[in-house]
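Welcome! Let's look at this model together and ask how each description of it is earned.

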Amino acid sequence: MSVAFHELEVSAVIRETPECSSFELRVPAALEEAFRYRAGQHLTVALPWEEFELTRCYSLSSCPDLRETLKIGVKRVAGGRISNWMNDNLKAGDSIMASVPEGRFVLDPDTRSGAPLFLFAAGSGITPIVALLKSALATTKRSITLLYANQDERSVIYGSEIAQLAADHPGRLAVRLHFDATNGYLEQGDVRSILHHSDIAEFYICGPGPFMELVEKTLEEAGVHEELVYVERFVSPADPDRVHTDSVHEASLESPDRFSLWLDGRSRTVPYVKGKTLLECAQDAGLQPAHSCESGYCGSCMAHVNTGKVYMRTHEALSDRDIARGVALLCQSLPASSEPLELDSDSTSFRAASAVKSSYGKRASRLAAFGAFAFMIAGTLILRLVD
Ligand SMILES: Cc1cc2nc3c(=O)[nH]c(=O)nc-3n(C[C@H](O)[C@H](O)[C@H](O)COP(=O)(O)OP(=O)(O)OC[C@H]3O[C@@H](n4cnc5c(N)ncnc54)[C@H](O)[C@@H]3O)c2cc1C
Ligand code: FES
């Protein structure tokens, strides 16, 4: 089953920085229900490119809790096809084809009570982060720390919006802007210097690979439990003219004739048809595990391999660390041995809200002891607001 696209009109184009534009999208009344979303989710756009149709994910920087107009922010990537095309050509009144919003990079609804929230963004990674920030401010009483890294002051996206949020929520939102041009690349010490209560806080990270690696590593070394860390990787799919499927290798793989998939709290048995992905087989069996791009780059279909082995055609959405933990993408996975195969689509990932839920009980007692949270970053944080 392939992703369904709907025509949306571009109602406004906002030049955020020389390298980044926001596009507001008008959702027709008939699609409003389908386009309901949670802060932090993304949609997939499909655009014609020579004889192909290319797809790319873009996170929504708008906040559904504030009923803001659907908005994506697209930053140019050097040599990139779609990001440059959109910045150069897409204008108000044009239409684009977009999927309904999807994704697991969302706030855990069970953590509204008070756990501090740490948001780490670099460059265009601010798009889902600013949506999470607005949502957390609007719907919770959590204290929030945002660390936002950029090349320089000119490249800060949504700077005035963030400055306004900080001004509106003194004592609750602390913002540290980091500029590579003046401060050098972000270092582990910069991350460590803002951490506090890291045993009960939650952490969201989005930005270029090296930035995310640095923050993830620092949190890991600080003893932060992986279930409290959510990451969103901005990667492109392999375009049709760049895709490479190793059909010879795939044909040589052994496979069981069925596999088990935990979904919505139940284990389901799914017949396996050779050559098909696990997602395709699950769909053939009438199941609907979460998925979006079906190309290995959005991460929506992550599942944990409990037993057995899988071969993934591509896995851009996963880090080496994810793979080492046994995380696989259902849309890219085929069985790689005849031994029994069991995957867990529910609680696999530290990025899935359901996984965080399961760890919430463990944290509840620590949260109770935490009591009223004293927000004491002012002395250590440099709050630099952008005008
Ligand atoms: C869940 C998700 C959310 C995202 N949200 C956002 C967002 O909010 N804002 C945003 O700006 N981006 C976002 N992205 C990233 C976005 O989807 C694109 O990856 C990005 O815009 C680059 O696309 P592009 O077509 O411009 O570049 P591409 O054409 O995909 O190229 C990317 C880079 O790879 C190189 N490249 C690619 N293939 C080859 C090849 N075969 N040989 C040599 N070089 C190659 C290109 O030269 C270029 O440097 C998100 C991605 C995901 C998965
Ligand atoms: S559906 Fe996007 S990675 Fe599988």
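Q: What makes a residue nonpolar, charged or polar when a ligand shell is sorted by class?
A: Ala, Val, Leu, Ile, Met, Phe, Trp, Tyr, Cys and Pro count as nonpolar, Asp, Glu, Lys and Arg as charged, and the others, Gly among them, as polar. Sorted that way, the shell around ligand 1 has 11 nonpolar, 10 polar and five charged residues. Please keep in mind that this is a predicted model.

Q: Which residues are the closest to ligand 1, and how many surround it?
A: The shell holds 26 residues, and Gly79, Gly80, Ile82, Ser83 and Ser236 are the closest. Elements that each supply at least two shell residues include β4, β5 and α1.

Q: Why are some residues of helix α1 called buried?
A: A residue is buried if 20 or more other C-beta atoms lie within 10 Å of its own. In α1, which spans residues 82-89, Ile82, Ser83 and Met86 are buried, so each of them reaches that cut-off.

Q: How do you know on which side of α1 these buried residues sit?
A: Their directions cover an arc of only 105° around the axis, which puts them on the same side of α1. A general rule helps here: an α-helix has 3.6 residues a turn, so residues three or four places apart point the same way. The face turned away from the buried side carries Asp88 and Asn89, which are exposed.

Q: What covers the buried residues of α1?
A: The cover includes β3 (42-49), β4 (52-59) and β5 (71-75). The helix α1 lies across β2, β3, β4 and β5, and runs at about 110° to β5.

Q: What makes β4 and β5 edge strands?
A: Each pairs on one side only. They belong to an open antiparallel sheet of six strands, in the order β4-β3-β6-β1-β2-β5.

Q: How do you know that β2 and β5 count as paired?
A: Pairing takes at least two bridges. Strand β2 (residues 20-26) and β5 have five, in the antiparallel sense, so they count as a pair. Within it, phenylalanine 23 of β2 has isoleucine 72 of β5 as its bridge partner.

Q: Why is one side of β13 and of β16 left without a neighbour in their sheet?
A: Five strands form this open sheet of mixed pairing, in the order β13-β12-β18-β14-β16. Strands β13 (266-271) and β16 (327-329) stand at the edges with a single partner strand each, so one side of each has no neighbour in the sheet.

Q: What makes β12 and β18 a pair?
A: Three bridges join β12 (residues 258-263) and β18 (residues 342-344) in the parallel sense, and at least two are needed. Leucine 261 stands opposite leucine 343 in β18.

Methods: Residues numbered from 1 in each chain as written. Chains lettered and ligands numbered in written order. Predicted model: local features only at pLDDT ≥ 70, side-chain atom pairs only at ≥ 80, totals over all residues. Buried ≥ 20, exposed ≤ 12 C-beta atoms within 10 Å, placed from the backbone. Helix = DSSP H or I, 4+ residues; strand = E, 2+ residues; numbered from the N terminus. Arc of directions from axis to C-beta. Contact = placed C-beta atoms within 7 Å. Near = placed C-beta within 6 Å. Axes fitted to C-alpha atoms, helices over the stretch in contact; angles between N-to-C directions.
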